[in-house]
Amino acid sequence: MAKIFYELRQNKNNLSKIYGKWFAHSKAVETMNTRKLAQAR
């Protein structure tokens, strides 16, 4: 298992059709084994 956070990023490519739009990108911060996951709950 992993702790996953989402980071918002704006598309800054002038040539893109979706220029200026915001998107969520996942970011894994920490990998957890099942024992650590059970203790966190």
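**Figure 1. Surroundings of Asn 11 in the predicted model.** In this predicted model, Asn 11 touches Ser 16, Ile 18, Tyr 19, Gly 20, Lys 21 and Phe 23, when residues up to four places away in sequence are left out of the list. Asn 11 itself sits in the loop between strand S1, which covers residues 2-10, and strand S2. The side chain of Asn 11 takes part in a polar contact of 3.4 Å with the side chain of Ser 16, and Ser 16 also appears among the residues that Asn 11 touches. The side chain of Asn 11 also reaches the backbone nitrogen of Asn 13, at a distance of 2.8 Å. Is Asn 11 buried or exposed? Asn 11 counts as buried because its relative accessible area is 17%, and the cut-off for a buried residue is under 20%. In the protein chain, which has 41 residues, 5% of the residues count as buried.

**Figure 2. The salt bridge between Glu 7 and Arg 9.** A search of the whole structure finds 2 salt bridges, and one of them is formed by the side chains of Glu 7 and Arg 9, with a distance of 3.0 Å from N to O. As a general point, side chains of opposite charge can pair when their charged atoms come close. Glu 7 is partly exposed, since its relative accessible area is 29%, and Arg 9 also counts as partly exposed, with a relative accessibility of 41%.

**Figure 3. The salt bridge between Lys 27 and Glu 7.** Glu 7 also forms a salt bridge with Lys 27, and here the closest N and O atoms are 3.8 Å apart. Why can this pair be said to tie together parts that are apart in sequence? Lys 27 lies in strand S2 whereas Glu 7 lies in strand S1, so the pair ties together parts that are 20 residues apart in sequence. Salt bridges that share partners join Glu 7, Arg 9 and Lys 27 into one network. Lys 27 is partly exposed, with a relative accessible area of 44%.

**Figure 4. Glu 30 in strand S2.** Glu 30 has its place in strand S2, and this residue is partly exposed because its relative accessible area is 23%, while the range for partly exposed residues lies between the cut-offs of 20% and 50%. How far apart in space are Glu 30 and Leu 15? The two residues are 15 residues apart in sequence, and the distance from C-alpha to C-alpha is 35 Å. Strand S2, which spans residues 22-31, has the highest mean pLDDT among the elements of the protein chain, with a value of 86.

**Figure 5. Thr 34 and Gln 39 in helix H1.** Thr 34 lies in helix H1, and so does Gln 39. Thr 34 is exposed, with a relative accessible area of 65%, and Gln 39 likewise counts as exposed, at 64% relative accessibility. From C-alpha to C-alpha, Thr 34 and Lys 21 are 37 Å apart in space, although they are 13 residues apart in sequence. For Gln 39 and Tyr 19, which are 20 residues apart along the chain, the C-alpha atoms are separated by 43 Å. Helix H1, made up of residues 34-40, has the lowest mean pLDDT among the elements, with a value of 79, so the details in this view should be read with this predictor's confidence in mind.

**Figure 6. The whole chain, as a setting for the close-up views.** The secondary structure of the protein chain comes to 1 helix and 2 strands, and from the N terminus on these elements follow the order β-β-α. Taken along the principal axes, the C-alpha atoms fill a box of roughly 45 × 15 × 10 Å. Among the contacts in the protein chain with a separation of 6 or more, 30% are accounted for by residues 24 or more positions apart. The protein chain exposes about 4,100 Å², of which carbon and sulfur atoms supply 54%. The mean pLDDT of the protein chain is 86, and 90% of its residues reach 70 or more.

Key: Residues numbered from 1 in each chain as written. Predicted model: local features only at pLDDT ≥ 70, side-chain atom pairs only at ≥ 80, totals over all residues. Heavy atoms only, no water. Helix = DSSP H or I, 4+ residues; strand = E, 2+ residues; numbered from the N terminus. Buried < 20%, exposed > 50% of the residue type's maximum accessible area, 1.4 Å probe, protein only. Contact = heavy atoms within 4.5 Å. Areas by Shrake-Rupley, 256 points an atom, 1.4 Å probe, with all protein chains shown as cover. pLDDT = per-residue confidence, 0-100. Polar contact = N/O pair within 3.5 Å; in protein donor to acceptor, adjacent residues only side chain to side chain. Salt bridge = Lys/Arg side-chain N within 4 Å of Asp/Glu carboxyl O.
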